[in-house]
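I opened my notebook to look up how this chain packs. I start with the core, then go to one pair of helices.

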Amino acid sequence: AIAESLRIQLSESNRNLLTLFQGLKRYITDAFPPSLLKPEFEAAGQKDYEKASQNNWDSAQGLYTSANQYITDKLAILTANQNMPPTFKVTFDTARTQFNILHQEFLDAEETATIAAETKVIANNTIYDTLINMFLDGQEIFRTEDAIRKQFTFSDILYLVSGAGTAGVR
């Protein structure tokens, strides 16, 4: 649940930053002649935009790092003639920082969930192994008493626990 909640927040943060990036592109368009737009967009991180818009978190992080560096490097040109508001850099950097924090929390939560799932599998396998060993002991002890020996088989105990329905034990 934690990883899923963080993924949703991360996706929302990503959409916000993609919107800010589109704003940056408008400022670039107004600050540079048409012949220079392609290399300027690429320098700002455009190559990562498509994958970032599909919630590829590594591409998103690359896009926002490139865009932040671009804004820093070209701040004077972008803000000249009241093109880009001086507050845009702070707004973008704040949104980028929030994205990076959420991204790290998401990665940590996914790792924790994976470790918890592996721990649960190990615990379940240990229980199963112990149960099978106990059944083998019971079958050996009651090898001459068929009715009691049958009580020490996994399939019969599973049937008793789950019944004839399809629900079963998980």
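**Core first**

I looked up the largest nonpolar core of this predicted model. It has 32 residues. Leu24, Ile28, Tyr64, Leu78, Phe88 and Phe92 have the most contacts inside it. A core here is a set of buried Ala, Val, Leu, Ile, Met, Phe, Trp, Tyr and Cys residues joined through side-chain atoms within 4.5 Å. Buried means under 20% relative accessible area (1.4 Å probe, protein chains only).

I then asked which helices supply at least two residues each. They are H1, H2 (37-44), H3 (49-53), H4 and H6 (87-141). Helices are DSSP runs of H or I, at least four residues, numbered from the N terminus. H1 gives the largest share, 10 residues.

**Ile28**

I checked what Ile28 touches, with heavy atoms within 4.5 Å as contact. The list is Leu37, Glu40, Phe41, Ala44, Tyr70 and Leu78, not counting residues up to four places away in sequence.

**H1 and H4**

I looked up H1 (residues 2-31) against H4 (residues 57-73). Their axes, lines fitted to C-alpha atoms over the stretch in contact, come within 11 Å and cross at roughly 35°. Among the contact residues are Leu17 and Phe21 of H1 and Ala60 and Leu63 of H4.

**Confidence**

The chain averages a pLDDT of 87 (the predictor's confidence in each residue, from 0 to 100). H8 (residues 154-162) has the lowest mean among the elements, 75, and H2 the highest, 97.

**Conventions**

Residues are numbered from 1 along each chain as its sequence is written. Local features need pLDDT of at least 70, side-chain atom pairs count only at pLDDT 80 or more, totals for chains, interfaces and linings use all residues, and side-chain values use heavy atoms, with hydrogens and water left out.

Terms used: Axes are lines fitted to C-alpha atoms, for helices over the stretch in contact, and angles run from 0 to 180 degrees between N-to-C directions. Buried means under 20% relative accessible area, exposed over 50%, partly exposed in between (1.4 Å probe, protein chains only).
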